[in-house]
Amino acid sequence: MTKAARRAAAKKAAHTRKKNRTSKGITSTSPRKIAEEHYKDNIACVWCGYPIQSVLQVAHVEKSTPKNNKPSNLVWLCPTHHREYDLKLISKSMILERREFWKNDPKADWSNLFGLSQKQLSARARKAHKTRKTR
Ligand SMILES: [Zn+2]
């Protein structure tokens, strides 16, 4: 890449970043924001139920349409299961089935894993979420 091309690419990226930012510095139409709003009662990895939002990632169900940020195309996954989904170790139909499952069933209780009460774990998760840097 030439120097001029690099400069043009950097300028374009900066413009895109600026365009996507709101006054709070958060991308208003990011898949993450959309998933936070739409799935606010079910923010957990749909595969394993891992609940800490600052660790979780939003994946596109249909990978061929990464700009489709409709809630139906978004799913919460922990980093491990996101990677497994990307590697096709977990199929799309299984992911969709699990997303439905979590809508109707109680959340897994991960508090024992951390040696914390559910309340303590929630407090830590909230704190972690507040201090999470937007990417
Ligand atoms: Zn998971």
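**Close-up views of a predicted model**

**View 1. The surroundings of W76 in the predicted model.** Leaving aside residues up to four places away in sequence, W76 touches A35, Y39, I43, A44, C45, V46, L56 and V58. The same residue, W76, is listed with C45, V46, V75 and L77 as having the most contacts inside the largest nonpolar core.

**View 2. The largest nonpolar core and strand β2.** This core is made up of 15 residues, and those with the most contacts inside it are C45, V46, V75, W76 and L77. Strand β2, which spans residues 74–77, gives the most to the core, contributing 4 residues.

**View 3. The chain as a whole, as context for the close-ups.** The chain holds 6 helices and 2 strands, and, when read along the sequence, these elements follow the pattern α-α-β-β-α-α-α-α. Of its 135 residues, 13% count as buried. Among the contacts in the chain with a separation of 6 or more, 56% are accounted for by residues 24 or more positions apart.

**View 4. K92 in helix α4 and its spatial relation to V61.** K92 lies in helix α4, the element that covers residues 92–104. K92 counts as partly exposed because it has 13 C-beta neighbours inside 10 Å, whereas 12 or fewer would make a residue exposed and 20 or more would make it buried. Although K92 and V61 are 31 residues apart in sequence, their C-alpha atoms are 6.6 Å apart in space.

Technical notes: Residues are numbered from 1 along each chain as its sequence is written. This is a predicted model: local features need pLDDT of at least 70, side-chain atom pairs count only at pLDDT 80 or more; totals for chains, interfaces and linings use all residues. A nonpolar core is a set of buried Ala, Val, Leu, Ile, Met, Phe, Trp, Tyr and Cys residues joined through C-beta atoms within 7 Å. Two residues are in contact if their C-beta atoms, placed from the backbone, lie within 7 Å.
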